[in-house]
Amino acid sequence: MTLRKLALVLAATCVLASCGCAGSHSAITPLKKADRIVFLGDSITAGAGGKTGFITLIQSELDARHKDLEVATVNAGISGHKVPNLQARLDKDVIAKKPTIVFIYIGINDVWHWRKKPDGTMSGGTPKDKYEAGLKDLIARIRAAGARVILCTPTTIGEKSDGSNERDPMLEDYSAISRNVAKATGTQMLDLRKAFISYLKAHNPEQKDRGILTRDGVHLNPQGNRLVADEMLGALGVKAAQ
């Protein structure tokens with residue numbers, strides 16, 4: 001092999017490795033005819049079916065650019081839910097819908113719901129070991145049903161990009177667990193937290209705690225929905241129209 005050919009091979013390898021929108025542990029699979037995409041999550045996902053919601057934006061983009069594929073989307077988000085809640089309703093809300101692709105976008109409430117009780121102990125959130133085991137269980141069951149998974153990291157609880165939001169340390173820990181689960185299971189990873197922090201570093205110089213991508217530090221505003229939609233489209237191998 002000549003040096004020129006070797007350079008071209010290495011360049012192509014780098015391009016393939018970079019695909020996956022903010023980190024991927026498996027190659028992007030092109031969309032196919034009659035794909036059915038289920039979005040599994042909490043209130044962030046539940047609200048994504050509104051006029052400016054990311055599921056609405058994704059469906060609109062797919063209809064405009066790949067109408068021949070007749071791809072359908074299903075919203076399986078429920079407010080307040082954590083990983084154990086997703087496990088409990090997976091069969092009814094996801095498997096029964098016969099998906100071919102499932103986005104798992106979870107983790108905010110698993111962190112946000114932790115509260116310190118009068119005796120000093122913590123309750124309400126999801127312990128890290130149960131969070132990890134739960135994600136692996138969800139992935140295994142979805143795959144057993146014949147669908148592929150795209151696992152998302154949680155995004156923000158407060159929009160300061162300098163690490164000073166109260167829940168940032170714990171949120172980073174849970175995001176790392178999600179990344180490790182994706183790597184261990186060979187699951188496509190969509191690192192939304194990384195994408196959000198990158199955007200906030202560029203667009204939130206005043207370190208506001210909300211109002212850039214969210215309306216309250218957690219739930220997405222139109223720009224936040226647009227960012228998530230673009231990232232998810234990228235994970236599906238679809239470049240959003242600019």
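This is a short tour of a predicted model, one selection at a time.

**The whole chain**

Start with the full protein chain, coloured by secondary structure. Nine helices and seven strands make up its regular elements. The chain has 242 residues, and 47% of them count as buried. Switch on a surface: about 11600 Å² is exposed, and carbon and sulfur atoms supply 56% of that area. Take contacts between residues at least 6 apart in sequence: 76% of them join residues at least 24 apart.

**Confidence**

Now colour by pLDDT. The mean for the protein chain is 90, and 88% of its residues reach 70 or more. Then select residues 1-21. Here pLDDT stays under 50. The model has 13 contacts beyond four places in sequence for this stretch. Where pLDDT is low, predicted coordinates should not be read in detail.

**The aromatic cluster**

Hide the surface and show the aromatic side chains. The structure holds four aromatic pairs. Select Phe39 and Phe54. Their rings sit edge-to-face, 6.1 Å centre to centre, with 65° between the planes. Phe39 belongs to strand β1 (residues 36-41), while Phe54 is in helix α3 (residues 54-65). The two are 15 residues apart, and the pair links distant parts of the chain.

Are these two rings buried or exposed? Phe39 is buried, at 1% relative accessible area. Phe54 is buried too, at 0%.

Keep Phe39 and add Phe103. These ring centres are 5.2 Å apart and the planes lie at 0°, so this pair is stacked. Phe103 sits in strand β3 (residues 101-105) and Phe39 in β1, so the pair ties together parts that are 64 residues apart in sequence. Phe103 is buried, with a relative accessible area of 1%. Add Tyr105 to complete the picture: ring pairs link Phe39, Phe54, Phe103 and Tyr105 into a cluster.

**The nonpolar core**

Widen the view to the core. In soluble globular proteins, nonpolar side chains tend to be buried together. Here the largest nonpolar core has 63 residues. Which members touch the most others? Select Ile37, Phe54, Phe103, Ile104 and Met232. Next, highlight helix α9 (residues 222-235), which gives this core its largest share, six residues.

Zoom in on Ile104. Beyond four places in sequence, Ile104 touches ten residues you can pick out by name: Leu40, Leu86, Leu135, Leu138, Ile139, Ile142, Val149, Ile150, Leu151 and Cys152.

**Helix α7**

Select residues 168-185, which form helix α7. How far apart should the ends of its 18 residues be? At 1.5 Å a residue, the expected span is 26 Å. The end C-alpha atoms are 26 Å apart, which agrees.

Colour the buried residues of α7: Asp168, Leu171, Tyr174, Ser175, Ile177, Ser178, Val181 and Ala182. What do they pack against? Show the helices α5 (108-112), α6 (128-144) and α8 (192-203), then the strands β6 (148-152) and β7 (188-190). Gly186 follows α7, and its phi is positive, near 65°.

**A stop at Asp91**

Finish in helix α4 (residues 83-93), where Asp91 is found. Asp91 is partly exposed, with a relative accessible area of 49%. Leaving aside neighbours within four places in sequence, Asp91 is in contact with Ala96 and Arg141. Draw a line from Asp91 to Arg141: the C-alpha atoms are 8.8 Å apart, and the residues are 50 apart in sequence.

Definitions and conventions: Residues numbered from 1 in each chain as written. Predicted model: local features only at pLDDT ≥ 70, side-chain atom pairs only at ≥ 80, totals over all residues. Heavy atoms only, no water. Helix = DSSP H or I, 4+ residues; strand = E, 2+ residues; numbered from the N terminus. Expected span 1.5 Å × (residues − 1). Buried < 20%, exposed > 50% of the residue type's maximum accessible area, 1.4 Å probe, protein only. Contact = heavy atoms within 4.5 Å. Areas by Shrake-Rupley, 256 points an atom, 1.4 Å probe, with all protein chains shown as cover. Phe/Tyr/Trp six-rings, centres within 6.5 Å; stacked < 30°, edge-to-face > 60°. pLDDT = per-residue confidence, 0-100. Core = buried A, V, L, I, M, F, W, Y, C linked by side-chain atoms within 4.5 Å.
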